[in-house]
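Grab a coffee and open the viewer. Below you'll find a few short exercises, each with a worked solution to check yourself against.

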Amino acid sequence: LSMFKQIGEILIWSEDYKRLADWYREIFHLKAVEELSHPQDTGILFEFPGGKPWLWVGKHSEISGKNKDPLRIMINIRVESVDAAFEYLKNKGVEFIAEPFKAPVSESYFATFYDLDRNVLQIIGPK
């Protein structure tokens, strides 16, 4: 019996959380589940169509500027077609690190890109 059940939310902190949250909402068509503006807890909680984990984009007093170590953590987002999602994101002006490529050990494809704060995300799925 494990006391650790699942990842509940992914938290992304930003100096300008509203700008970053608007980017996530627009790019991924996310539904805001909750918005908090408490002095010690400010941000927006988003839900992907597939459910959890949810994505929290919030303000943090210790965060300023863009991510200085963006490759340390990547968020993978499952898609129906990496090529189609890549074209959609490219047309939205998203900055890519790696265009679609096949994974070396599976049949999955990936493409890697930055959000506005230079956090790294990947889309993953069939070609």
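What follows is a set of exercises on backbone geometry, a threonine and its surroundings, salt bridges and a surface patch. Keep in mind that the model is predicted.

**Exercise 1. Find the cis peptide bond and say which element its proline belongs to.**

Step 1: Look at the omega angles. The bond from Lys52 to Pro53 has omega near 0 degrees, and that makes it cis.

Step 2: Place the proline. Pro53 sits in strand S4, which covers residues 51-59.

**Exercise 2. Take His29 and Arg118: work out the sign of phi for each, then place them and judge how exposed they are.**

Step 1: Start with His29. Its phi is near 55 degrees, a positive value in a residue that isn't glycine.

Step 2: Place His29. You'll find it in the loop between helix H1 (17-28) and strand S2 (31-38).

Step 3: Check the accessibility of His29. The value is 58%, and the cut-off for exposed is over 50%, so His29 counts as exposed.

Step 4: Now do Arg118. Its phi is near 70 degrees, again positive in a residue other than glycine.

Step 5: Place Arg118. This one is in the loop between strand S7 (109-114) and strand S8 (120-125). With 26% relative accessibility, Arg118 is partly exposed.

**Exercise 3. Describe the surroundings of Thr42: is the residue buried or exposed, and what does its side chain reach?**

Step 1: Find the element. Thr42 belongs to strand S3, residues 41-48.

Step 2: Compare its accessible area with the cut-off. Buried means under 20%, and Thr42 has 13%, so it is buried.

Step 3: Follow the side chain. It reaches the backbone oxygen of His38 at 2.6 Å.

Step 4: List the neighbours, skipping residues up to four places away in sequence. Thr42 touches Tyr17, Leu36, Ser37, Trp56, Gly58 and Lys59.

**Exercise 4. How many salt bridges does a search of the whole structure find, and what do three of them look like?**

Step 1: Recall the idea behind the search. Side chains of opposite charge can pair when their charged atoms come close.

Step 2: Count. The whole structure has 9 salt bridges.

Step 3: Try Arg25 with Asp22. Their closest N and O atoms are 3.7 Å apart. Both residues are in helix H1 and 3 residues apart, so about one helical turn separates them. Arg25 is partly exposed at 30%, and Asp22 is partly exposed at 44%.

Step 4: Go on to Glu95 with Arg118, the arginine with positive phi from Exercise 2. Here the closest N and O atoms are 3.0 Å apart. Glu95 is in the loop between helix H2 (82-91) and S6, while Arg118 is in the loop between S7 and S8, so this pair ties together parts 23 residues apart in sequence. Glu95 has 44% relative accessibility and counts as partly exposed.

Step 5: Finish with Lys102 and Glu107, whose closest N and O atoms are 3.8 Å apart. Lys102 is partly exposed at 36%, whereas Glu107 is exposed at 64%.

**Exercise 5. Which residues make the nonpolar surface patch of about 270 Å², and where is Ile97 found?**

Step 1: Name the members. Leu71, Met74 and Ile97 make up this patch.

Step 2: Zoom in on Ile97. It is part of strand S6, residues 96-102.

Step 3: Check its accessibility. Ile97 has a relative accessible area of 39%, so it is partly exposed.

Definitions and conventions. Residues are numbered from 1 along each chain as its sequence is written. This is a predicted model: local features need pLDDT of at least 70, side-chain atom pairs count only at pLDDT 80 or more; totals for chains, interfaces and linings use all residues. Side-chain values use heavy atoms; hydrogens and water are left out. Helices (H or I, at least four residues) and strands (E, at least two) are DSSP runs, numbered from the N terminus. Buried means under 20% relative accessible area, exposed over 50%, partly exposed in between (1.4 Å probe, protein chains only). Patches are made of residues with over 30% relative accessible area and no salt bridge: like charges are joined within 9 Å, nonpolar side chains (Val, Leu, Ile, Met, Phe, Trp, Tyr) within 5 Å. Accessible areas come from the Shrake-Rupley method with a 1.4 Å probe; for residues, only the protein chains shown count as cover. A salt bridge is a side-chain nitrogen of Lys or Arg within 4 Å of a carboxyl oxygen of Asp or Glu. A polar contact is a pair of N or O atoms within 3.5 Å; within protein, one must be able to donate a hydrogen and the other to accept it, and residues adjacent in sequence count only if both atoms are side-chain atoms. Contact means heavy atoms within 4.5 Å.
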